[in-house]
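Dear colleague,

I am handing over the structure below, and I would be glad if you could keep it open while you read the notes that follow it.

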Amino acid sequence: MKEYPAMLRLEGKRCLVVGGGAVAERKIASLLEAGALVTVISPAASAAVEKWAETGRITWRCGRYGEADHSYTKDREGSDKGRPGTEATLYPDLSPYLIVFAATDNPQVNERVRADADKAGKLVSVADKPDSGNLVAPAVVRRGRLTLAVSTSGASPALSAKIGRELQERYGPEYEIYLDFLAELRELARSRVGDMPLRHELLRRLPNWRVLDRIAAGTYEAWRASLLGRLQAAQDSEEIFAAIWMEADQQ
């Protein structure tokens, strides 16, 4: 089965994570980084998950995931989460959530979560059986605006992680600076160059510049300041392109 790759913008979107251990913690961390509103269902949780709950970064409902077609019977929130005797069986309404993550250490519970989410028409990721859900969470490398994602369609998460580590070495922290520069030049071109074919030609050439070499050599900041000064002082598109071509000739 062919998958459709996509990047999801989760800022302000509600997501549910069932589970509170190490696997769930990694899922939650990625969701928080993306700005999602995270609810966790688990009778216990890792120290990091507890901290996120205590500081209000997530909502933790202390209990075990129950059956479908019910409403919540008990909802524990606050400092008593995880204490003996506070567990409840929770029967959540999945309708508010965009994505559901089944990330417990119990395959039967994960399958129940998957079935409920699938019935509710939700995107669902299953940690212990990735190919059973309709959402496969890839291995991810982030460098500021640059996001590299690797998926083996659930065949080998270990291989995805290995390739992810290789990408992390290949695309280092300098790419965050590089992408910020490209975004800056793109915005300047959009606001100052009205001729669309010329603008597209300019943007097409930018990745060929030796910006990464300048970052590595420590000359980037002075070069960038000089270039932006010339571009901002230009009066029209022709002067902008004259400055650009001059710079391109020096590459």
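**Aromatic pairs and other findings**

Tyr 175 is buried, with a relative accessible area of 10%, and the same word applies to Tyr 178, for which the relative accessible area is 8%; both values fall under the 20% that sets the limit for a buried residue. Please bear in mind throughout that this is a predicted model.

A search of the whole structure gives seven aromatic pairs, and one of them is formed by Tyr 175 and Tyr 178, whose rings meet edge-to-face, with 6.0 Å from centre to centre and 70° between the planes. These two tyrosines belong to helix H5 (residues 174–192), and because they are three residues apart in it, about one helical turn separates them.

Another aromatic pair, Trp 209 with Trp 223, is also edge-to-face, at 6.1 Å centre to centre and with 75° between the planes. Here the pair links distant parts of the chain, since Trp 209 sits in the loop between helix H6 (196–205) and helix H7 (211–217), while Trp 223 is in helix H8 (residues 220–233), 14 residues apart. Trp 209 and Trp 223 are both buried, and together with Phe 181 and Tyr 220 they form one aromatic cluster.

A ring also takes part in a contact of another kind: Arg 170 lies over the face of Tyr 171, at 4.6 Å from the ring centre.

Turning to the open space, the second largest pocket holds about 320 Å³. Its lining is made up of 19 residues, and those that lie nearest the centre of the pocket are Gly 19, Ser 42, Pro 43, Thr 104 and Asp 105. Helix H1 (22–33), strand E2 (37–42) and strand E4 (64–65) are the elements that each give two or more residues to this lining. Sorted by class, the lining of the second largest pocket has ten nonpolar residues, seven polar ones and two charged ones.

Finally, is Ala 158 buried or exposed? Ala 158, which has its place in helix H4 (residues 157–170), is exposed, because its relative accessible area of 57% is over the 50% required for that word. The C-alpha atom of Ala 158 is separated by 9.3 Å from that of Ala 139, and the two residues are 19 residues apart along the chain.

With kind regards

Conventions: Residues numbered from 1 in each chain as written. Predicted model: local features only at pLDDT ≥ 70, side-chain atom pairs only at ≥ 80, totals over all residues. Heavy atoms only, no water. Helix = DSSP H or I, 4+ residues; strand = E, 2+ residues; numbered from the N terminus. Buried < 20%, exposed > 50% of the residue type's maximum accessible area, 1.4 Å probe, protein only. 1 Å grid on protein atoms, 1.4 Å probe; cavity = no way out; pocket = protein on both sides within 12 Å on 5 of 7 lines; lining within 4 Å. Points joined across faces, edges and corners; volume = space filled by probe spheres on them. Nonpolar A, V, L, I, M, F, W, Y, C, P; charged D, E, K, R; others polar. Phe/Tyr/Trp six-rings, centres within 6.5 Å; stacked < 30°, edge-to-face > 60°. Lys NZ or Arg CZ within 6 Å of the ring centre and 35° of its normal.
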